[in-house]
Amino acid sequence: MNAISKDVDRTDIAKGSDGSRLAKLNEWVAEVAALTRPDRIQWCDGSDAENDALIAQMLDDGTLVKLNEQTHPNSYLHRSDPDDVARVEHLTFVCTSDQDDAGPNNHWMAPTEAHAKMDALFEGCMAGRTMYVIPYCMGPIDSPLSRCGVEITDSPYVVANMRIMTRMGAPALARIEKEGAFVKGLHSTGELDPDRRFIMHFPEELAIKSFGSGYGGNALLGKKCHALRIASHQARNEGWLAEHMLILGIENPQGETHYIAAAFPSACGKTNLAMLIPPEGYRSAGWKVWTVGDDICWMRPGQDGRLYAINPEAGFFGVAPGTSEKSNPNALACLQRDAIFTNVGVTADNQPWWEGLDDGQQPAIDWRGEPYDPAKRPAAHPNSRFTVSAKACPSYSPEAENPAGVPISAIVFGGRRASLVPLVFEARDWTHGVLVGASMGSETTAAATGAVGVMRRDPMAMKPFCGYNFADYFAHWLSFDTPGAKLPKIFHVNWFRKGDDGKFLWPGFGDNIRVLEWMIGRVKGTAPAVDTPIGALPAIEGINLDGVELSSEAREKLFGYDRGGWASEFEAISDYLGEYGPRMPQRLSEEAERTASALQA
Ligand code: OXD
Ligand code: MN
């Protein structure tokens, strides 16, 4: 196998030990090289030597800036093009043969038209550049739940990030050689021209073409493009789920660990919840939270009828602003070495800095490389990021590497809702839980270009990521409810409820364990609740509030529900679900009607 990183002639590509299992890959690499005309082709093996050489090259040409070696060894800053700082949902397409298969939730283009458009952009685009071939595996290398892909890119920054975010290189190539199957992802930064930027998905061909952006979600193709848009399509055909969810384990003082998967939209605190450190009272009693993943969850039913989940990623691509010793000490601990920062500010002695770091230091240079001037712009871009290996996280669960995955006890949906939505409620059953996920709403954030703070429907936090028609996706979710299935309980949370003074009512962060404890109590049948038309709310005595000071307004808004407000919400929800027309599963529309009439009663 020729998987060792080195300069190779265009025709000297990975042949495979028997010369045949990698034929499909070899042919595709040759085809792409003929189209893009790189000067060199480099097959990436994921080795330290390969990474060191790429880092040296990027330091040399200014793609990376070295950070303070004393305080942050082996860490680097990348400043992106100022017009290339987030996902671009308006330029992201799902290209199915039939437009209805992509659904109203996606931008669509016919596959032939999309290929022609993209191939015209890729034509000769790697002349003068190196083409990197990155075999990668999403999920533990020996897990039957994992899937492989190959990304071809002309960006060494992408290679360095993929090395952290996926199991990349020789072991992945060996698995591809054994299986013969992989997702094809072609990427070029092009000229970073926003007018020549598209992210196209071809789910029926298990292929991705991305041009004109170097930003994470647009360019690290293993993440959103493969592990969500393509994988959700694959998962539907194969009977599993690919979701925008963190996975955590919560260990109680008796030593039992329950695993929870939670879907929140981008930049709504998945990383913070996944790495939660309980308050002192809980810690001393023996509670612990284990991190399995912070962004993506692949789940499938096991032999015992439970859902088993893996985190397909190997690293975290987290939002930097707001990450502090108070909000997420585990994330800060990961970031002390071996990290890549993108678009953060730096202090005078070259340490990474962002708004909300609260470490008593001051920024000297902003994310655009200019002297920091608060009147001009924040030091760090609001969507600035860190890339770091999951293994660096003090709370990383040893079970994250278990090829069988972890059994899920509860699924949580949540949005950023300043009003109406209480702190937590539990769905009546699976069908109601699917409705709770399907009707999720949240205020938009800086993770995608466009206005921030606008409330939109974001079913299961998958609006930007579902690779097919949402109506079919809801039907797929409902299909897991079979005789013998031992499905997780479903909950909804809202950490972002505000009071009349505009301030958050719930302390959040470590105190969120109080809500997780109530959920586990519900799973075990020990925690009390009050039934309402929107679901079961915690009985106030059923949730541990020791040490939390809540005003009477907070208690009422966090643990009560406003029947009139919810009746209007359900009118909006049924209008939204109506947009999916006759493909919408009747079971879901009936569930929505049932809830709406209970609210009117
Ligand atoms: C992410 C996102 O980067 O959701 O995870 O945008
Ligand atoms: Mn995400």
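Colleague: What makes the pair formed by Ser266 and ligand 1 a polar contact?

Modeller: In this predicted model, a polar side-chain atom of Ser266 lies 2.5 Å from an oxygen atom of ligand 1, and because a polar contact is a pair of N or O atoms within 3.5 Å, the pair qualifies.

Colleague: Which atoms of Arg87 and Lys224 are placed against ligand 1, and at what distance?

Modeller: For Arg87, an N or O atom of the side chain is 2.9 Å from an oxygen atom of the ligand, and for Lys224 a polar side-chain atom is likewise 2.9 Å from an oxygen atom of ligand 1; both values fall within the 3.5 Å limit, so these pairs are called polar contacts as well.

Colleague: Why is Phe465 listed around ligand 1?

Modeller: The list takes a residue if one of its heavy atoms lies within 4 Å of the molecule, so Phe465 belongs there, and among the others listed are His244, Asp295 and Phe317.

Colleague: How do you know that domain 2 and domain 3 touch, when 29 Å separate their centres?

Modeller: The 29 Å is taken between centres over C-alpha atoms, whereas contact means heavy atoms within 4.5 Å, and on that rule eleven residues from domain 2 and 13 residues from domain 3 take part.

Colleague: What is found across that interface?

Modeller: The two domains bury about 950 Å² between them, with 58% of it on carbon and sulfur atoms; the side of domain 2 that touches domain 3 has eight nonpolar, three polar and no charged residues. A salt bridge needs a side-chain nitrogen of Lys or Arg and a carboxyl oxygen of Asp or Glu within 4 Å, and the rule finds zero between domain 2 and domain 3, although four residue pairs are in polar contact.

Terms used: Residues are numbered from 1 along each chain as its sequence is written. Chains are lettered from A and ligands numbered from 1 in the order in which they are written. This is a predicted model: local features need pLDDT of at least 70, side-chain atom pairs count only at pLDDT 80 or more; totals for chains, interfaces and linings use all residues. Side-chain values use heavy atoms; hydrogens and water are left out. Domain bounds come from an automatic or database domain assignment. Buried area is the accessible area (1.4 Å probe) that two parts lose on being put together, summed over both. A polar contact is a pair of N or O atoms within 3.5 Å; within protein, one must be able to donate a hydrogen and the other to accept it, and residues adjacent in sequence count only if both atoms are side-chain atoms. Ala, Val, Leu, Ile, Met, Phe, Trp, Tyr, Cys and Pro count as nonpolar, Asp, Glu, Lys and Arg as charged, and the others, Gly among them, as polar.
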